Structures are given as C-alpha cells and as structure tokens.
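Student: May we go through this structure together, with the reason for each term?

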Amino acid sequence: MSTAPNRRAVAVILLIPLMVTLALWAFAWPAARIAPRDLPVGVAGPASAAQQLQQRFDQRDGAFDVHRFDDEADARAAIEDRTVYGAVVVTPQGPHLLTASAASPVVSQLLREAVTASVLEDTPVRVTDVVAAPPGDPRGSALGASVLPLALAGMAAGAVVTLMGLRGARAAATLIGAAALVGLAATAVAHSWLGALTGDWWTVAGVLALTVLAIGSAVAGLAALFGPRGIGLGALLMVLLGNPFSGVTSAPELLPEPVGAIGQWLPPGAGGSLLRSVAFFDGSAAGAAVLTLSLWTLFGLAAVLFARRAPTPAEPVEPAREPALTG
C-alpha cells in the first residue's frame, strides 16, 4: 500500500494546529499587549508649568513622545496635522486636554486617564475633542472592522485572477477594474449609508480602491512568481499578519514593537492610516501610506505583466509546434 495518502493525512493533522496557533498569536498577542509606546503627545503653556507636566509624562519611560508647543493654537494645529494624537494645555483654570477621537478613540480615552491621574484630585480637567469621530461611528468600530473585508477582497481578486489563468495586461486590467468597483461599493456603504466616513466621497473611494488593488496585485504578483504557493504567501502577509498588525482598531503606537511598524509597511495598515487621513484630517500625514500602497501595487502589477510562470491547472497548455519542413 502506498504511504503517500498517509503522509498527506499526517501533514494535514500537523498543519491545521500550526495554522491555528499562528493565527492566535497574530491576532491575540498584539491585542493583549496594547500600551503606549513612544505615543506622540503635546504639552503647551508657560514654560515652568509645561516642564513639570512633561516630566510626569517622561516618568512613564518609553510610553510617550512629548512635543512642546507655545500655545493652544499650535497644539491644535499639530493634532489636525496628525503630528500628535492629543495635547495638554496648561491654563490658570487647570489643564485643558485636547484629543482627536477620529485619530483613535482608544488613544483619546487613554490620554484622559493619564492626564486625570497626573493632576490633583480636586483639579478639574477640561476636555475638547478637536477632531471628533463621526456621529455614525463614534467609537471607530466601523473603520476598524473595514480592514479585514478589504484584505479579503484583495485576496479574492488576486487568487481568482491566478486560478482563472489570466495573464499579462488582461490580468492587470481585471485587478484594476475589480478594485475600482470594490472602492465604489465600500464607499457607498461606509460613507453614504453608515456615515462612518466623512471627507470627499471620491477621495475615500480612491483610497479604498487603491488599498484593494495593492493587496490584490501583490497576491497575483506573488502567484506569478511562485505559482499557487504565492497565494498562500499572500494570505499570510495580507490577512494573517496585515490585518492584526494594522493598528486600525487602536493605533500603531499601541502595538508591541516592531509589530506597529511592520503593519504600516503592509497594505492593510497603510490603507487604514490613509483612510483616516483623507476621511477626517484633509489628507494630512498621508504621504508615507500612499508611497507604501503604490510600491506594493507597482510590484504586483510588474510581476503580473512580466513574470514567467508555469500554467495553473485551469490554464490550457499550448501544444508544442512541429518545426516547419523546408526544401
């Protein structure tokens, strides 16, 4: 009796627990270790009082990256430019906390707790949400939940293009068309219906489409280079790592190092950051995310257009042509 089926059965038995363990590590470990790590915050006000407040932040070694501002106007501008997540303004009436729940509701709540704990018990803390989350999604739940569907849509586009045997310009056009339609449909749901996103409608649609295109072209490009195994590699990068490492549900600076940085190098994390920028902050701090998505898209499309690979089972194999006889 052949031992090949037995070997395959053993491989499946061992592979499934391994994949489950990897998935639990990727999704549960970052969520269980959420804490500020060099979280950019601001301090503004008179030099002596601001210095004392900065020292209190610095006592939590490595938790906060404190930026000093001259007054409240500068601190507000830094929040709107996405330089800091929030700022504390020292005033004669007490500390005035400026937050941006649109940047991260989790960080806004964390700053409230940190500032409240650092002042005297009888000192009130006034809080102003400079860039508030939209009424349709006050906790940022819809935005955080959007990353996985976008990753799955890109995965599906790349895998289907590969398994259907589409190549070259036809494959690239299919990926672009599918991403464009997903961007329009997702914007209609999240922007027009749920009200979870604000900002220019067409810009938001373009960001969603670019995110899906970056994921889909990367998966198709990996498959063009490595065959069907490239689809599995794409799933590992885009879904198993890209989704939990994106930091969209909290913030990249709250994830364990270097998970937060790795997540921003992958399309799901870059797409989530870019979506926040265009939806709530008029495109501020969008350059790095645009560059990341563009590079993944260019890599994937270039591999689809120019890589030579073996045909998949769905593709017909062209018969060899007999040499023409002369004479």
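**Contacts, core and strand β1**

Tutor: Let us begin with one residue: apart from neighbours within four places in sequence, F57 is in contact (heavy atoms within 4.5 Å) with V41, V43, F64, V66, V88 and V115. The model is predicted, so local features need pLDDT of at least 70 and side-chain atom pairs pLDDT 80 or more, while totals for chains, interfaces and linings use all residues. Residues are numbered from 1 along each chain as its sequence is written, and side-chain values use heavy atoms, without hydrogens and water.

Student: What makes a set of residues a nonpolar core?

Tutor: The set must consist of buried Ala, Val, Leu, Ile, Met, Phe, Trp, Tyr and Cys residues joined through side-chain atoms within 4.5 Å. Buried means under 20% relative accessible area (exposed is over 50%, partly exposed in between; 1.4 Å probe, protein chains only). The largest such core here has 82 residues, and F57 is among those with the most contacts inside it. Helix α8 (residues 201–226) gives the largest share, eleven residues.

Student: Why is strand β1 called largely enclosed?

Tutor: Six of the six residues of β1 (residues 39–44) are buried, so the rest of the structure largely encloses this strand. Helices (H or I, at least four residues) and strands (E, at least two) are DSSP runs, numbered from the N terminus.

Student: What makes β1 and strand β3 a pair?

Tutor: Pairing requires that DSSP find at least two bridges between two strands. Three bridges join β1 to β3 (residues 87–91) in the parallel sense, so the definition is met.
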